[in-house]
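Work through the exercises below with the sequence and the model side by side, and try each task before reading its solution.

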Amino acid sequence: TRQKKRHMGDTKHFCPVSLKENFVLYPGLQENAAKYKEKIYYFSTSEHRDKFLKNPEEYVAHKEPLKAPPLRVCLLGIHGAGKSTCARQIADKLGIFHIQFEEYLQELILPKTKKKVELSFDEDREDDNKIPEELEDFSQTMTKTETEKSKKEVKLTDEEEAIKANLRDSMELPPEVLDKIVPDWWKKEPFRSTGFILDGFPRTSEEASYLSKRGLCPDVAVYIQVEEDDILDRLFPLRLEKWKDRQHKKKEYKKKLKKLKAKKRV
């Protein structure tokens, strides 16, 4: 006998509750299926299925088809792969927002740090250029203005410290910090109705798991794979320039230290 054809609901295999409440296309599971008016609906969780069955008319189409959410893209790739360049071009072509994750984090703490937080390397340790305690009294290098600025330095909150550690040392952001940043791109305007391409997030399996647990599903995830030589050509000149700058600072530090030691002997 021929199997009876299934008539899918308005959202097909996507969860209608997730679409209505979170405006995302979240795939439903067969074990969470329910039938309403001879149509089959699939739900992302059993809780969403129960919520639908209590008031199904709230989640089905009436006079017009249900409106689909805008495009949300996650663009992934290693540092130097050219994600931002590609993301800007895609955003311009599709008319969606371009969100550069690291730049967004920088903007959150820039009012307090006053300058961008740079990624730290082993050779960038701050202690390397610290004046020894026995010579501290002889140090006259700080101007009055610099001293006043250091006294007025604004203290970062725990969340801001976590963001700084992420930018400087690639420390993982805790979920409570991500909760105040990431969901807004799915749930608040103007991103909610326009869509976006998220450049550089998620970067780890834990961050991908975070999106899944919060029901924040991208429509597309694109990974840019680039040859190692191409990345070296892009990053090496910048790293070389930074290395030269550090070498210059070390040379100036040694001159300063030499003068302080001579001053102490006198």
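**Exercise 1.** In this predicted model, determine whether the residues on the two faces of strand E5 are buried or exposed.

*Solution.* Begin with one side of E5, where Phe196 and Leu198 are found, and then turn to the other side, which carries Ile197 and Asp199. All four residues are buried, so that both faces of the strand are covered, where buried stands for under 20% relative accessible area. This arrangement can be read against a general rule: in a regular strand the side chains alternate between the two faces of the sheet.

**Exercise 2.** Work out the order of the strands in the open sheet, and state which strands form its edges.

*Solution.* Take the pairings of E5 as the starting point: strand E3 (residues 72-76) pairs with E5 in the parallel sense over 4 bridges, and Val73 stands opposite Ile197. Strand E4 (residues 97-100) is also parallel to E5, again over 4 bridges, with Ile99 as the bridge partner of Leu198. Next, 4 bridges join E3 to E6 in parallel, and here Cys74 faces Ala221. The order of the 4 strands is therefore E4-E5-E3-E6, and the edge strands, each pairing on one side only, are E4 and E6 (220-223). From one strand to the next, the twist averages 20°.

**Exercise 3.** Find which residues have the most contacts inside the largest nonpolar core.

*Solution.* The core has 25 residues, and those with the most contacts inside it are Leu173, Val182, Trp185 and Trp186. Among the elements that each supply at least two of its residues are helix H4 (101-113) and strand E5 (196-199). H4 lies across E4 and E5, running at about 70° to E4.

Conventions:
Residues numbered from 1 in each chain as written. Predicted model: local features only at pLDDT ≥ 70, side-chain atom pairs only at ≥ 80, totals over all residues. Heavy atoms only, no water. Core = buried A, V, L, I, M, F, W, Y, C linked by side-chain atoms within 4.5 Å. Buried < 20%, exposed > 50% of the residue type's maximum accessible area, 1.4 Å probe, protein only. Pairing = 2+ DSSP bridges. Axes fitted to C-alpha atoms, helices over the stretch in contact; angles between N-to-C directions. Contact = heavy atoms within 4.5 Å.
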